[in-house]
Amino acid sequence: MHRSLAVPQLQAEARVDPKTGLFNARHFAVALSEEIGRARRFERPMSLIMADLDLLRDINNTYGHLAGDAVLKGIAEVFRAQLRHYDVPARFGGEEFSILLPETPPEQALEIAERIRQAVAKRTFDVETSSEPIRATVSIGVAGYPKDGTDANELIHQADLAVYRAKLQGRNRVLGASPEPLLVPADRSTRLVAVPEDGDHHAPIPAAVQVQPKEERRADVRHPRPHAVHGPRFLSLDRRLSLTVGLVSTLGVGAGVLGLALTWTSRDLLGLLTVVGLVGVGQALALEADEGSAVLSVSAVGCLAAASLFGFEAALPLALASVAVEWSARRAPLHNVLFNVGALTLASLASASVFKIAGFFPAGTSHQLAASGLGLLAGTAYFCVNMGLVSLALALQGHERWWSVFKERFAWLLPHYLVYGFIGGVMALAYEAVKLLALAVFAVPLLLMRKTQEAYLKHTQRSAQKLRQAAETIQSQNVSLELANKLLKERSTAAMESLSATVDARDSYTAGHSRRVQQLALAIGRELGLSQAELDLLGHAALFHDIGKLAIPDAILLKPASLTSDEWSLMQRHADEGARIIDRLGFLNDAVPAIRHHHERFDGTGYPDRLQGEDIPLGARIIHVADALDSMLTTRIYRAARPAAEALHELRRAAGTQFCPRCVTALEHILPLETLEGDTDGSRLSAVAS
């Protein structure tokens, strides 16, 4: 009894992360797979959010791992408060979270993600190791089905790339999935897996497969062609598939034998043998398409004609003849042969049952013509039974839904079988009138149809060959374009560096300012634990942070006196102008936020957008500190340089109001105050920064 009572608790523990109370990655993977299937079946939207806690390592190192756990729990509470009851939040691993949003388009998901980001940024976390509450932020990426991905790994991959891009742009922001590649190296070892094993994540997620548009995917699926001998290509048979093959083959062969025994007559035996021979010849003349993965054959016309002429007795001989010819050409496995015999026999019996309705029609030519119209219904019956059974086997083999397989692979063949059924009915009427001569007459257009198919296939193959050659040419041109694009980026970057140096050179007092700010910013970034990709981007942003001063007149930029309010308003535009200049380059877009906001103040009184606290991109906060320090250490036209120790004291005094406290603390770690005492010319500072 106690064990029984413990089962629900154990089931809950198996799908819940014990630290946060959210679902664990294993349960999330199952839920995501089910929701993708539901969205695909009903063509409904869904979205995926990946959220990464910013700089958890700093929290653990500064306040201890228990503080980090408290922050993780607090963020989980924010998720539960901000999400709907049917959303699925989970701890994906470490400091990374995932949220499944059913029935949610990406636009709405971005709104939910922004609401979560703001709630986390506003929340304070009380920990025993800090006298004051601490704060944390999250970087969030959003991907939507089917726009950004059609399977679990692809959606996770795209959302994860959006998270990485958000971190590159300064953390604490929400970005949607983008088709644009990352502009800096993305060396992320130890990445995500869609269905992790026990513990943390150690295996890399597979690269996302290029998703073709729906029309292209449809053309790429290797559909069977009209009346190929269809059968599942099993690598191994599981239990359900084995039972299906056994049941279909047993029912088909048994029903075929019963139909042959009950309706057998030697009358018109020559006609039956002739039709069986024509079906075999039609199958032997079948054309291979799609590099042998599909077969084009007109033998279904003979099968339907025989069903109309000879009824149930023709079903099994026709199936055996068709499958025997197919086996002699391709040596299919035994289970394929048995399944095909059973499926084709049942299909022929179904069409023969439809043609039997003609026996209830009165005699007369008009009624005979009406009876020939039963061929349309007989062709439908033949199609439904044959393709329905094949779809069932393929669905069991691939662990898919039967209706999805039928709709995707075979539904388009229905019009062909309607025509085949009508031709079979007309052939039966002609046979009643002129016997074997009718079969010979109809064999001619069928052979012509085969020749037409052969010519079409050759033409298609030639076209495909030309397309492959064109694709190879395009690929080689793409390589050349990539090399040219790389060279263009390098030269554009060099040109921008020259422009940045030109800005510094306009004032002899600021020569080398941008390069020194870059070195200081990189030193602070390394102290904060930024990745190499983030450091590369930070270096570009720091180097170009003042490039917008190109738009500022010398009369204002070099004015020795205080600026008027209008002049100061114009001077403040340089950050926005710099962001515009770099944004036009196209390949440094991720550096734009840091350039635009490097004069925002931590208390929200800066410019151009009056951002506050953690809402300011981290790169901008780093550049702000580095820029201020170098400015204080440099003699300007309107004031003298300040000693390094005094400059550092000023940064410390303004931490929390003008400057980011974390960035100032990082600067103090790399430039200890005792090393700056007496460093009046800043030489020690320059040595440390470089």
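**Close-up 1. The largest cavity in this predicted model has a volume of about 120 Å³.** Start with the residues closest to the centre of this cavity: they are L168, G170, E534, L538 and G619, out of 15 that line it. Three helices each put at least two residues into the lining, namely α6 (152-168), α19 (532-543) and α23 (618-633). Of the contributors, α19 gives the most, with 4 residues. Sorted by class, the lining of the largest cavity comes out as 8 nonpolar, 3 polar and 4 charged residues.

**Close-up 2. The second largest cavity has a volume of about 40 Å³.** The structure holds 2 cavities of 30 Å³ or more, and here we look at the second largest. Its lining is made up of E600, F602, I616, R621, H624, Q658, F659 and C660. Split by class, that gives 4 nonpolar, 2 polar and 2 charged residues.

**Close-up 3. Helices α10 (residues 299-310) and α12 (residues 334-355) cross at roughly 45°.** Their axes come within 8 Å. That angle makes α10 oblique to α12. As for handedness, the crossing of α10 and α12 is right-handed. On the α10 side, look for C303, L304, A307 and S308; on the α12 side, the contact is made by S348, S351, A352 and F355. There's no charged residue in this contact, just 5 nonpolar and 3 polar ones.

**Close-up 4. Helices α18 (residues 513-527) and α25 (residues 661-670) cross at roughly 100°.** The two helices are therefore roughly perpendicular to each other, and their axes come within 9 Å. From α18, the residues to pick out are A523, I524 and E527, which meet C663, A666, L667, H669 and I670 in α25. By class, the contact of α18 with α25 breaks down into 6 nonpolar residues, 1 polar and 1 charged.

**Close-up 5. Helix α23 meets helix α24 (residues 644-653), with their axes crossing at roughly 145°.** We've already come across α23 as one of the helices lining the largest cavity; here it's the partner of α24. The axes of this pair come within 9 Å, and the crossing is right-handed. In α23 the contact residues are V625, A628, L629, M632 and L633, and they meet A644, A647, E650 and L651 in α24. No polar residue turns up in the contact of α23 with α24, which has 8 nonpolar residues and 1 charged.

**Close-up 6. The peptide bond from Y145 to P146 is cis.** Omega for this bond is near 0°. To find the spot, go to the loop between β4 (138-145) and α6, where P146 lies. Helix α6 is familiar from the first view, as a supplier of at least two residues to the lining of the largest cavity.

**Close-up 7. Y607 and P608 are joined by a cis peptide bond.** Here omega is about 10°. P608 sits in the loop between α22 (592-596) and α23. So we're back at α23 again, the helix that contacts α24 through residues including V625 and L633.

**Close-up 8. E43 has a positive phi, near 55°, in a residue other than glycine.** Look for E43 in the loop between α2 (25-42) and β1 (46-53).

Definitions and conventions:
Residues numbered from 1 in each chain as written. Predicted model: local features only at pLDDT ≥ 70, side-chain atom pairs only at ≥ 80, totals over all residues. Heavy atoms only, no water. Axes fitted to C-alpha atoms, helices over the stretch in contact; angles between N-to-C directions. Parallel < 35°, antiparallel > 145°, perpendicular 65-115°, else oblique. Left-handed = near helix turned anticlockwise from the far one by under 90°. Contact = heavy atoms within 4.5 Å. Nonpolar A, V, L, I, M, F, W, Y, C, P; charged D, E, K, R; others polar. 1 Å grid on protein atoms, 1.4 Å probe; cavity = no way out; pocket = protein on both sides within 12 Å on 5 of 7 lines; lining within 4 Å. Points joined across faces, edges and corners; volume = space filled by probe spheres on them.
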